[in-house]
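The following report describes a protein model for a reader working from its atoms. It covers burial, strand pairing, nonpolar packing, salt bridges and backbone outliers.

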Amino acid sequence: APGSDTYKGWLFKWTNYLKGYQRRWFVLSNGLLSYYRTQAEMAHTCRGTINLSTAHIDTEDSCNIVLSNGGRTYHLKANSEVERQRWVTALELAKAKAIRMRNNQSDDSGDEEPASQSDKSELHGTLKTLSSKLEDLSTCNDLIAKHGAALQRSLSELENLKLPAESGEKIKAVNERATLFRITSNAMINACRDFLDLAETHSRKWQRALQYEREQRIRLEETIEQLAKQHNSLERACRGAPGLSSSSTGVTSTAKGDVPSAKGEASDEDEETEYFDAMEDAPAFITVTADPKHHRRSGSNLSGASEGHPEDWNLEDSVFESSNQSSYNESTCKDLLPKKRRRTRIPDKPNYSLNLWSIMKNCIGKELSKIPMPVNFNEPLSMLQRLTEDLEYHELLDKAVKCESSTEQMCFVAAFSVSSYSTTVHRTAKPFNPLLGETYELDRLEEFGFRSLCEQVSHHPPAAAHHVYSKRGWTLWQEITIASKFRGKYLSIMPLGAIHLEFHSSGNHYVWRKVTSTVHNIIVGKLWIDQSGEIEIVNHKSKDKCQLKFTPYSYFSRDVPRKVTGVVSDANGKAHYVMSGTWDEKMECSKIVHSSHGSTSTEGKQKTVYQTLSPKVLWKKYPLPENAENMYFFSDLALTLNEPEERVAPTDSRLRPDQRLMESGRWDEANVEKQRLEEKQRAVRRRREAEAVEALEEGKDYEGYIPLWFERKVDAVTGELICVYKGGYWEAKDKQDWSSCPDIF
């Protein structure tokens, strides 16, 4: 039953847009909801678990359930509304019980030095108080019985008197009620006596159980302290060893079977990267650095070595070495000055006070894009411009074009996918939601060899299409839908949609998806942002893969904050490179020269040990400009994104008046202008809805909004319906023919 300690059953769980909902076996026990692909898997493999004590339970419609806890979200569907209600009841009861247990544990977590004796005295004191109260009740019972008997005698005497018939009936009714009252009071006294007897019977049992748990906790604390000391000793011993040293990329965890196959038997969980349910099955390994002198062959380059002979490695002639020494050296990158001088600062951010709670308290549980917010929460850039910021480290792709090996090229693509998050570490402000039909261009063809175009192709849900062409040999395109939920304490931002990257000469076609971003301390405390989940990058031509894991921040973890690790493997599942670093600082790559299976863990899973050469820095974050803290923590590129330019389309984000006013520090005027633009967009939407109703009544087809520079097509690689660039924008810019652009500002 839903109210029992354990509740089990089948539910449908959302995986991705390709496979939709998949049937899973769910088990609710001890405040934890776990799921398995089959009932047989309960004995050995759990696919994911969510803690209900801190989870939010929501219902979308008659059959859907949404569970969210931090960066993890489960979208579930029941067969019927009745089944959904049973699960919701079970989940709510389990959550309430888990919260009670957590509160009880926190209440008992104080100073317990005089534990045993104080608890005994407290328990005896409680029993003594109960006994005293029971004696009082017994005294009251005797008095009630005494006075009740006297009352009945008096009533009996009244009955014997010669009174009218009506008075006799009333006296008889009063006598019956007095009898019932005496019976009830006796029952109450008996119940109190039984309770006291039961408490005395179980008091010794409770005391023994409490003492046992306390001793167990003390032993566990001592064991953890010993393990921490041993761990520190091992770290010092490894650092002092002459032959092998623990690499900075080292990761210790467990994985089942062969690591290059990423998730092994859990291939079904690859489809669920948007919600990061299977973090337990992420690639895990130990990395040690080998002596490069023993793994060197003259006349060989990295491309040849990485395709089948990982032990062959020529440091002087490799692309990684050149990237480390030239184009990815920070100072060298900054020496490549653009031909056109761009602005290097914007007006300082005004210091406006704002009552955050008065605005946020009515927004809990709503879609972020549907919440009317003042510009105080924004930064003076639109979402289209934030999307364009992914190109800040486009040099990584220019370097990847020169790679002859697909696995080598994959390393640069992986570093590029991580670099797009480097600007978010201090950027907790919200970008402007683009208006439907709004565009943004970034023409750096002469300076950096690429052109970028974004267009807002849908408003609800908000979706933006992006296309980048580089004359240096690559093309990137994507359609990103932002799903965001405000949960009171944190804000989850889930980008939905695939990113495509194709290299012109080799035809290598890479596809990956973004991880979930979480903004913490929305109401109280300092805002901070974290990235968590996994990115699987697939080369659909060579079938190479790279599995990257973004480790969520944990106060109790010894890992470096914002850590990212991963393995690059070929089509046969053979590991070639280890990726490591942080998403806010740098990414390194280490070539694998030998792999072996280490010892078996207590869970029966085997560790993989990779012996690698010294790591090469593929990407390093540029330092922020001077006074960045007063300029919304913008990078050098971000400072130029909203710089006014001539000849752009009338729908370009640079021409948006509320955004321009905010950048100038005129926030009150910006709020008024923002409301005007939003109301104008609502009027257009209402008119479009009326046209749709009119067309339906007349039996005609209504196409709805059609993007101007993009068109919807089924992607041949992923099978998804996405917006791709259909051409015409740059030609219209050359002719300055913007007659087809809508009036949105």
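## Buried charges and salt bridges

Lys-733 counts as buried because its relative accessibility is 10%, where buried means under 20% relative accessible area, exposed over 50% and partly exposed in between (1.4 Å probe, protein chains only). The model is predicted: local features need pLDDT of at least 70, side-chain atom pairs count only at pLDDT 80 or more, and totals for chains, interfaces and linings use all residues. Residues are numbered from 1 along each chain as its sequence is written, and side-chain values use heavy atoms, with hydrogens and water left out.

The structure holds 38 salt bridges, a salt bridge being a side-chain nitrogen of Lys or Arg within 4 Å of a carboxyl oxygen of Asp or Glu. One of them joins the side chains of Asp-443 and Lys-733. This pair links distant parts of the chain, with Asp-443 in strand 12 (residues 439-444) and Lys-733 in helix 14, 290 residues apart. Helices (H or I, at least four residues) and strands (E, at least two) are DSSP runs, numbered from the N terminus.

Three of these pairs are set out below.

| Acidic residue | Basic residue | N to O distance |
|---|---|---|
| Asp-443 | Lys-733 | 3.8 Å |
| Glu-447 | Arg-444 | 3.8 Å |
| Glu-720 | Arg-513 | 2.5 Å |

Glu-720 lies in the loop between strand 27 (710-714) and strand 28 (721-725) and Arg-513 in strand 18 (residues 509-513), so the salt bridge ties together parts that are 207 residues apart in sequence. Glu-720 and Arg-513 are both buried. Salt bridges with shared partners also join Arg-342, Arg-444, Glu-447, Glu-645, Asp-652 and Arg-654 into one network. Within that network, Glu-447 and Arg-444 are both buried.

## Overall composition

The protein chain contains 14 helices and 28 strands. Of its 745 residues, 47% are buried. Contacts are heavy atoms within 4.5 Å; among those in the chain with a separation of 6 or more, 61% are between residues 24 or more positions apart. The chain exposes about 38000 Å², of which carbon and sulfur atoms supply 52%; accessible areas come from the Shrake-Rupley method with a 1.4 Å probe, and for residues only the protein chains shown count as cover.

## Strands 20 to 22

Strand 20 (residues 528-539) runs antiparallel to strand 21 (residues 545-550), and six bridges join them. Two strands pair if DSSP finds at least two bridges between them. The two strands form a hairpin with five residues between them, and Lys-543 in the turn has a positive phi of about 70°. Strand 21 also pairs in the antiparallel sense with strand 22 (residues 563-569), again over six bridges. Lys-545 of strand 21 is the bridge partner of Val-538, and Lys-545 also stands opposite Ser-569 in strand 22.

## Nonpolar packing

A nonpolar core is a set of buried Ala, Val, Leu, Ile, Met, Phe, Trp, Tyr and Cys residues joined through side-chain atoms within 4.5 Å. The largest such core has 69 residues, and Trp-474, Leu-501, Trp-512, Ile-537, Leu-548, Phe-550 and Met-579 touch the most other members. Helix 10 (residues 406-419) gives the most to this core, with eight residues. A second, separate core of 20 residues includes Leu-11, Leu-28, Tyr-74 and Trp-87.

Leaving aside residues up to four places away in sequence, Ile-537 touches residues including Met-410, Val-413, Ala-414 and Ser-417, as well as Trp-512, Lys-545 and Leu-548.

At the surface, Trp-528, Tyr-553, Tyr-555 and Phe-556 make a nonpolar patch of about 560 Å². Patches are made of residues with over 30% relative accessible area and no salt bridge, like charges being joined within 9 Å and nonpolar side chains (Val, Leu, Ile, Met, Phe, Trp, Tyr) within 5 Å. Tyr-555 lies in the loop between strand 21 and strand 22 and is exposed, with a relative accessible area of 69%.

## Positive phi outside glycine

Phe-633 has a positive phi, near 60°, and lies in the loop between strand 26 (616-620) and helix 11 (636-641). Its relative accessibility of 28% makes Phe-633 partly exposed. Gln-736 likewise has a positive phi, near 55°, and is found in the segment after helix 14 (729-735). Gln-736 is partly exposed, with a relative accessible area of 33%.
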